[in-house]
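This report goes through one structure, starting from a single residue and moving out to the chain as a whole. Please keep the sequence and the 3D view at hand while reading.

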Amino acid sequence: MARDRDPLVVGRVIGDVLEPFTSCVSLRVFYGSKEVNNGSEFKPSQIVNQPRVDIGGQDLRTFYTLVRTCIYN
């Protein structure tokens with residue numbers, strides 16, 4: 001049985017916070033050459049510059065809101 005690797009499912013956002021859904025637009029975030037994935041850890045020196053965000057889709061009239069959260073230990 002294949003395990004679901006969607007970060008929103010792994011992080012229990014889908015299921016606990018949101019109802020299951022099928023995404024229709026891809027979203028990728030990079031700091032330098034490193035892609036941000038579920039469980040990614042970055043040193044402060046790696047996130048000095050703004051991230052690069054790639055949002056798929058063909059309709060340039062559609063806007064999205066991206067929210068970044070930080071967890072400090």
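F42 lies in the loop between β2 (34-35) and β3. The model is a predicted one, and every value below is computed from it. Is F42 buried, partly exposed or exposed? With a relative accessible area of 23%, F42 is partly exposed, because the buried class ends under 20%.

Leaving aside residues up to four places away in sequence, F42 touches Y31, K34, E35, V36 and I47. Y31 and F42 are 11 residues apart in sequence, and their C-alpha atoms are 8.9 Å apart in space. K34 has a further relation to F42: the charged end of K34 sits over the ring of F42, 4.7 Å from its centre.

A second charge is placed in a similar way. Over which ring does the charged end of R52 sit? The ring is that of F30, and the charged end of R52 is 4.3 Å from its centre. As for pairs of rings, the structure holds one aromatic pair.

**Salt bridges**

Side chains of opposite charge can pair when their charged atoms come close. How many salt bridges does a search of the whole structure find? The search finds three, and the table gives the distance between the closest N and O atoms in each.

| Residue | Partner | Closest N and O atoms |
|---|---|---|
| R28 | E35 | 3.4 Å |
| D54 | R52 | 3.5 Å |
| D59 | R61 | 3.0 Å |

E35, one of the residues that F42 touches, is the partner of R28 in a salt bridge. R28 is partly exposed at 40% relative accessibility, and E35 is partly exposed at 28%.

R52, whose charged end sits over the ring of F30, also forms a salt bridge with D54. R52 has a relative accessibility of 44% and counts as partly exposed. D54, at 33%, counts as partly exposed too.

In the bridge between D59 and R61, the partners fall into two classes of exposure. D59 counts as partly exposed, with 38% relative accessibility. R61, at 70%, counts as exposed, because the exposed class begins over 50%.

**A nonpolar patch**

Which residues form a nonpolar patch on the surface? They are L27, V53, I55, Y64 and L66, and together they have about 440 Å² of accessible area. L66 is found in the segment after β3 (52-55). With a relative accessible area of 49%, L66 is partly exposed. L66 does not count as exposed, because that class needs over 50%.

**The chain as a whole**

The protein chain contains two helices and three strands. Read from the N terminus on, the order of these elements is α-α-β-β-β.

Of the 73 residues in the protein chain, 5% are buried. The chain exposes about 7,200 Å², and 52% of that area is supplied by carbon and sulfur atoms.

Contacts can also be sorted by how far apart the residues are in sequence. Among contacts between residues at least 6 apart in sequence, 43% join residues at least 24 apart.

To return to the starting point, F42 is a partly exposed residue in the loop between β2 and β3, with the charged end of K34 over its ring.

Key:
Residues numbered from 1 in each chain as written. Predicted model: local features only at pLDDT ≥ 70, side-chain atom pairs only at ≥ 80, totals over all residues. Heavy atoms only, no water. Phe/Tyr/Trp six-rings, centres within 6.5 Å; stacked < 30°, edge-to-face > 60°. Lys NZ or Arg CZ within 6 Å of the ring centre and 35° of its normal. Patch = residues over 30% accessible without salt bridge, like charges linked within 9 Å, V, L, I, M, F, W, Y side chains within 5 Å. Areas by Shrake-Rupley, 256 points an atom, 1.4 Å probe, with all protein chains shown as cover. Salt bridge = Lys/Arg side-chain N within 4 Å of Asp/Glu carboxyl O. Helix = DSSP H or I, 4+ residues; strand = E, 2+ residues; numbered from the N terminus. Buried < 20%, exposed > 50% of the residue type's maximum accessible area, 1.4 Å probe, protein only. Contact = heavy atoms within 4.5 Å.
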